[in-house]
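Me: I should like a close look at a single part of this structure, namely the open sheet of four strands. Please also describe how that sheet sits within the whole protein.

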Amino acid sequence: QVHLVESGGGLVQTGGSLRLSCAASVRAVKITNMGWFRQAPGKQRELVAQNSDDDFTTYADSVKGRFTLSRDRAKSTVTLEMNQLGPADTAVYYCKMDTWDPNTRWDTTHWGQGTQVTVSS
């Protein structure tokens with residue numbers, strides 16, 4: 001079974017900072033990729049930042065230099081530090097985790113429930 005718990009988010013003024021955290025609880029599967037996606041009203045869900053199984057981190061161009069993703073593999077957590085926030089960052093942020101089951105050899109994507117980030121101008 002897999003369970004994701006997100007925390008953080010909220011309302012902040014332009015130029016402010018927020019931190020999002022995601023903790024995973026898994027059994028009998030391997031966590032491969034972990035990261036954050038976001039979805040603004042009327043838009044598709046998009047990648048914010050993701051750390052891969054081989055420890056490579058990818059950032060959306062729009063957040064490079066402002067957001068930092070940290071992953072603790074021992075604790076199965078991932079944290080997104082968001083700085084210099086602007087109204088364009090307003091969205092529901094979702095933790096995403098990919099797992100691999102050694103028994104079935106299936107890859108599965110899991111999503112958190114989402115947390116709202118609102119940046120006021």
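Reply: The account below starts with the whole protein, turns to the sheet, and ends with the core and two loops.

This is a predicted model, in which local features need pLDDT of at least 70 and side-chain atom pairs count only at pLDDT 80 or more, while totals for chains, interfaces and linings use all residues. Residues are numbered from 1 along each chain as its sequence is written, and side-chain values use heavy atoms, with hydrogens and water left out.

The protein has 11 strands and zero helices; here helices (H or I, at least four residues) and strands (E, at least two) are DSSP runs, numbered from the N terminus. The C-alpha atoms fill a box of roughly 50 × 25 × 25 Å along the principal axes. The radius of gyration of the protein is 14 Å, which agrees with the value near 14 Å for a compact globule of 121 residues. That radius is taken over C-alpha atoms, and the globule rule is 2.2 Å times the number of residues to the power 0.38. Of the 121 residues, 42% count as buried, that is, under 20% relative accessible area with a 1.4 Å probe, protein chains only.

The sheet itself is open, with its four strands in the order β1-β3-β8-β7 and antiparallel pairing. Two strands pair if DSSP finds at least two bridges between them. β1 (2–8) and β7 (67–72) stand at the edges with a single partner strand each, so one side of each has no neighbour in the sheet. From one strand to the next, the twist averages 15 degrees; the axes are lines fitted to C-alpha atoms, and angles run from 0 to 180 degrees between N-to-C directions. Strands of a sheet pair through backbone hydrogen bonds, either parallel or antiparallel.

The pairs may be followed across the sheet in turn. β1 is joined to β3 by seven bridges, and glutamate 6 stands opposite cysteine 22 of β3. β3 in turn pairs with β8 over six bridges, in the antiparallel sense; arginine 19 is there opposite glutamate 81 of β8. β8 (residues 77–82) also pairs with β7 over six bridges, and methionine 82 in β8 is the bridge partner of phenylalanine 67.

Phenylalanine 67 and methionine 82 return in the largest nonpolar core. Met34, Trp36, Val48, Phe67, Leu80, Met82 and Tyr93 touch the most other members among its 26 residues. Such a core is a set of buried Ala, Val, Leu, Ile, Met, Phe, Trp, Tyr and Cys residues joined through side-chain atoms within 4.5 Å. The elements giving two or more residues to this core include β3 (18–26), β7 and β8. Not counting residues up to four places away in sequence, methionine 34 touches several residues, among them Cys22, Leu69 and Val78; contact means heavy atoms within 4.5 Å.

Two loops complete the picture. Glycine 15 lies in the loop between β2 (10–13) and β3, where, neighbours within four places aside, glycine 15 is in contact with Gln84 and Leu85. Alanine 40 belongs to the loop between β4 and β5. Alanine 40 and alanine 91 are 51 residues apart in sequence, yet 4.2 Å apart in space, C-alpha to C-alpha.

How values were computed:
Buried means under 20% relative accessible area, exposed over 50%, partly exposed in between (1.4 Å probe, protein chains only).
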